[in-house]
Amino acid sequence: RSEADQTLHEGWPLYRTERGQQAFNAAMATLAATEGKPPAARAFKGCAGLQCPVALPALSADGWLPAGRLWLSPDEYVLVAHSPRLAEGRSWRRRSARHMRYFVLHEFHNSTRNNDVFDTVSSHSGSVFVPLYLSKTLRDARGRRLVIVLQVAPTDVQSIHATNMGSAGPGIEVAKSARDELEPLQATAGIVVATIVKAALPKLEVVNHGGQEGRPMLDAYEERLAALAARPAAARVTLPFVPASPQRVAAANTPFAALLERAGLSPPIPVAERGFAPPVTLARAGSAPGAPQLVGAIRPAVRPSAAAVSSFAPQLVGPITEAQRPARPNSLRGAVAR
């Protein structure tokens with residue numbers, strides 16, 4: 001019925017496709033594998049909202065963002081999770097660096113305004129649409145804000161997005177509609193991803209898909225570049241990063257309630273207790289206690305009397321009269337229906 005209103009099984013949301021469920025499971029396992037004490041405020045050296053040069057984890061040689069938890073402040077972070085959508089026995093179709101020209105910012109358009117990132121992954125069921133997806137702002141079980149960046153394929157995979165630009169480069173799907181405001185933490189996470197990708201592929205131009213789609217994210221990215229240009233002597237800050245090793249992700253075993261707050265749920269529908277009712281039989285003398293008992297003798301039903309019927313039957317409020325044709329055949333104005 002609404003975003004974040006999935007069926008629950010033992011407290012865990014169940015998504016409508018296997019791909020969406022795999023992506024959700026990977027994100028939750030990464031969240032559990034990187035849990036720990038947040039860094040102290042002094043670790044950020046006064047750099048708020050990325051308004052300073054930052055040292056970020058590097059894109060791997062095979063085109064993957066490092067999985068893990070990147071802290072932006074003591075109570076905000078970006079969680080990067082991997083959920084490869086490659087089918088068994090298949091290999092990626094890669095695009096050479098010389099043929100990639102853009103890093104494209106998208107928004108997911110949906111008439112229901114359901115922009116849940118895992119439902120978005122579910123809807124992209126064919127070829128790789130984009131390699132990267134960015135969630136709305138969430139809260140973990142400790143009340144800290146986070147955004148999930150989900151990577152489903154290498155950044156140089158051949159994808160089918162931004163066909164007006166020849167699909168020439170990676171793209172990221174941002175969980176918002178054109179009518180939604182870009183959340184501040186979404187903007188920061190998008191800047192982080194674009195900065196990491198562009199550091200590995202400097203020739204890429206960061207663009208929005210077209211018109212206003214992705215434009216708020218592009219504006220935030222360009223505003224940060226302008227702010228950095230105005231402070232050329234600002235010191236570089238290394239943001240705290242907790243890597244998620246494949247071994248720890250695979251071994252993660254934490255209840256959902258201990259990982260993430262769940263908001264937007266419809267109220268639970270009470271369900272009566274179920275059980276098997278024994279066959280109903282008439283009780284006889286000496287029958288077992290608890291068997292159904294007749295409360296009176298069996299007798300034929302009695303038709304209600306005319307007086308009883310007249311108390312609730314429809315009553316005429318006047319004599320029946322013949323209907324009269326209206327004075328003007330083409331108009332009922334002023335006529336009285338009888």
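Me: Why is Asp-119 called buried in this model?
Reply: In this predicted model, Asp-119 has a relative accessible area of 10%. The term buried applies under 20%, so Asp-119 qualifies as buried.

Me: What makes Arg-16 exposed?
Reply: The relative accessible area of Arg-16 is 57%. A residue is exposed over 50%, so the word applies to Arg-16.

Me: How do you know that the side chains of Arg-16 and Asp-119 form a salt bridge?
Reply: The N to O distance between the side chains of Arg-16 and Asp-119 is 3.7 Å. The rule asks for a side-chain nitrogen of Lys or Arg within 4 Å of a carboxyl oxygen of Asp or Glu, so the pair is a salt bridge. Arg-16 belongs to the loop between strand S2 (12-14) and helix H1 (18-33), and Asp-119 to helix H2 (residues 117-123), so the bridge ties together parts that are 103 residues apart in sequence. Side chains of opposite charge can pair when their charged atoms come close. By this rule, the count is 10 salt bridges.

Me: What makes the pair of Arg-142 and Glu-35 a salt bridge?
Reply: The side chains of Arg-142 and Glu-35 meet at 3.7 Å, N to O, and the cut-off is within 4 Å. The pair therefore meets the rule. Since Arg-142 sits in the loop between strand S8 (138-139) and strand S9 (145-151), and Glu-35 in the loop between H1 and strand S3 (54-55), the two tie together parts that are 107 residues apart in sequence.

Me: Why is Glu-35 called partly exposed?
Reply: Glu-35 has a relative accessibility of 28%. Partly exposed lies between the limits of 20% and 50%, so that is the class of Glu-35.

Me: How do you know that Asp-75 and Arg-145 form a salt bridge?
Reply: The closest N and O atoms of Asp-75 and Arg-145 are 3.7 Å apart. That value is within 4 Å, so the pair counts as a salt bridge. Asp-75 is in the loop between strand S4 (68-73) and strand S5 (76-82), and Arg-145 is in strand S9, so parts that are 70 residues apart in sequence are tied together. Both residues are partly exposed, with Asp-75 at 35% and Arg-145 at 26%.

Me: Which residues are joined into one network by salt bridges that share partners?
Reply: The network consists of Glu-35, Arg-69, Asp-140, Arg-142 and Arg-144.

Me: What makes the link between the side chains of Ser-73 and Asp-75 a polar contact?
Reply: The distance in this contact is 2.8 Å, and the limit for a polar contact is within 3.5 Å. The side chain of Ser-73 also has a polar atom that lies 3.2 Å from the backbone nitrogen of Glu-76. Ser-73 is found in strand S4, and its relative accessible area of 15% makes Ser-73 buried.

Me: Why is S4 called largely enclosed by the rest of the structure?
Reply: Six of the six residues of S4 are buried, so the description follows.

Me: How do you know that S4 pairs with S5 and with strand S13?
Reply: Pairing requires at least two bridges. S4 and S5 have five bridges in the antiparallel sense, with Trp-71 and Tyr-77 as bridge partners. The two strands form a hairpin with two residues between them. S4 and strand S13 (residues 241-243) have three antiparallel bridges, and there Leu-70 is the bridge partner of Phe-241.

Me: How do you know that the span of H3 agrees with the expected value?
Reply: The 17 residues of H3 should span 24 Å at 1.5 Å a residue, and the end C-alpha atoms are 25 Å apart, which agrees. H3 is mostly covered, with 12 of its 17 residues buried; among them are Gln-186, Gly-190 and Val-193.

Me: Which residues touch the most other members of the largest nonpolar core?
Reply: They are Met-28, Phe-103 and Phe-118, in a core of 65 residues. Helix H3 (residues 184-200) gives the most to this core, with nine residues. Beyond its neighbours within four places in sequence, Phe-103 is in contact with residues including Leu-132, Pro-170, Val-193 and Val-197. A second, separate core has six residues, including Tyr-102, Ala-162, Ala-168 and Val-207.

Terms used. Residues numbered from 1 in each chain as written. Predicted model: local features only at pLDDT ≥ 70, side-chain atom pairs only at ≥ 80, totals over all residues. Heavy atoms only, no water. Helix = DSSP H or I, 4+ residues; strand = E, 2+ residues; numbered from the N terminus. Buried < 20%, exposed > 50% of the residue type's maximum accessible area, 1.4 Å probe, protein only. Core = buried A, V, L, I, M, F, W, Y, C linked by side-chain atoms within 4.5 Å. Contact = heavy atoms within 4.5 Å. Polar contact = N/O pair within 3.5 Å; in protein donor to acceptor, adjacent residues only side chain to side chain. Expected span 1.5 Å × (residues − 1).
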